[in-house]
Amino acid sequence: FTNIYAKEYTVINISDLNCLEDGTEVTAELLKKMGIISKIEKDGLKVLGRGELARKLTVKAAKFTKTAEEAIKAAGGNVEVL
């Protein structure tokens, strides 16, 4: 059985975003260009809350977990759901 309604996201943890500079606007295209992710799935980018974030970033993604959203805001950044 294959669920034809299943969503396919490229998944990344917030700890993977610490290699970026403060003030960076993070998108799936930027992460692919930098080699942090290998491909962008059809439903976009999903940010998970595993790890800690030490940078002030603006993250644009299709979905965020609650812990990821809280961690980004706690670090002084912003989240934008596309």
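E41 is partly exposed in this predicted model, with a relative accessible area of 21%. The cut-off matters here, because a residue counts as buried only under 20% relative accessible area. The side chain of E41 meets that of K39 in a salt bridge, with 3.4 Å from N to O. K39 counts as partly exposed as well, at 49% relative accessibility.

K39 also leads us to T10. The backbone oxygen of K39 lies 3.1 Å from a polar atom of the T10 side chain. T10 belongs to strand β1. Is T10 buried or exposed? At 8% relative accessibility, T10 counts as buried. If residues up to four places away in sequence are set aside, T10 touches I37, K39, I40, E41, G44, L45 and K46. Both partners of the salt bridge just described, K39 and E41, are thus among the residues that T10 touches.

Let me place strand β1 in its sheet. Three strands form an open sheet in the order β1-β3-β5, and their pairing is parallel. The edge strands are β1, residues 10–13, and β5, residues 63–64, each of which pairs on one side only. Strand β3, residues 45–48, is joined to β5 by two bridges, and these two strands run parallel. As an example of the register, K46 has K63 in β5 as its bridge partner. K46 is also one of the residues in touch with T10.

I turn now to the other sheet. Here three strands form an open sheet in the order β2-β4-β6, again with parallel pairing. Its edge strands are β2 and β6, each pairing on one side only. How many bridges join β4 to β6? Four bridges connect β4 to strand β6, residues 78–81, and the two run parallel. Between β4 and strand β2, residues 25–26, there are two bridges, and this pair is parallel too.

The register can be read from individual residues. T58 in β4 is the bridge partner of E25, and T58 also stands opposite N78 in β6. V59, in turn, stands opposite V79 in β6.

Strand β4 deserves a closer look. Which residues of β4 are buried on each side? T58 and K60 are buried on one side, and V59 and A61 are buried on the other, which leaves both faces of the strand covered.

I shall take the side with K60 before the side with V59. K60 is buried because its relative accessible area, 18%, is under the 20% cut-off. This lysine forms a salt bridge with E25, in which the closest N and O atoms are 3.1 Å apart. The pair links distant parts of the chain, since E25 sits in strand β2 and K60 in strand β4, 35 residues apart. E25 is partly exposed, with a relative accessible area of 46%.

K60 has a further salt bridge, to E80, with the closest N and O atoms 3.9 Å apart. K60 lies in strand β4 and E80 in strand β6, so this pair ties together parts that are 20 residues apart in sequence. E80 is partly exposed, at a relative accessible area of 35%. Through shared partners, the salt bridges join E25, K60 and E80 into one network. In total, the structure holds four salt bridges; among them are K39 with E41, E25 with K60, and K60 with E80.

Now to V59. Leaving aside neighbours within four places in sequence, V59 is in contact with L17, V26, V47, F64, I72, N78, V79 and E80. The list therefore includes E80, the glutamate that is paired with K60 in a salt bridge.

V59 also brings us to the nonpolar interior. Which residues have the most contacts inside the largest nonpolar core? They are L17, L31, V47, V59 and I72, in a core of 18 residues. Several elements contribute to this core: α1 (28–34), β3, β4 (58–61) and α2 (66–74) each supply at least two of its residues. L17, V47 and I72 are, in addition, among the contacts of V59.

To close, I return to the two sheets. Strand β3 belongs to the sheet ordered β1-β3-β5, and strand β4 to the sheet ordered β2-β4-β6. Both β3 and β4 supply at least two residues to the largest nonpolar core.

Definitions and conventions:
Residues numbered from 1 in each chain as written. Predicted model: local features only at pLDDT ≥ 70, side-chain atom pairs only at ≥ 80, totals over all residues. Heavy atoms only, no water. Pairing = 2+ DSSP bridges. Buried < 20%, exposed > 50% of the residue type's maximum accessible area, 1.4 Å probe, protein only. Polar contact = N/O pair within 3.5 Å; in protein donor to acceptor, adjacent residues only side chain to side chain. Contact = heavy atoms within 4.5 Å. Core = buried A, V, L, I, M, F, W, Y, C linked by side-chain atoms within 4.5 Å.
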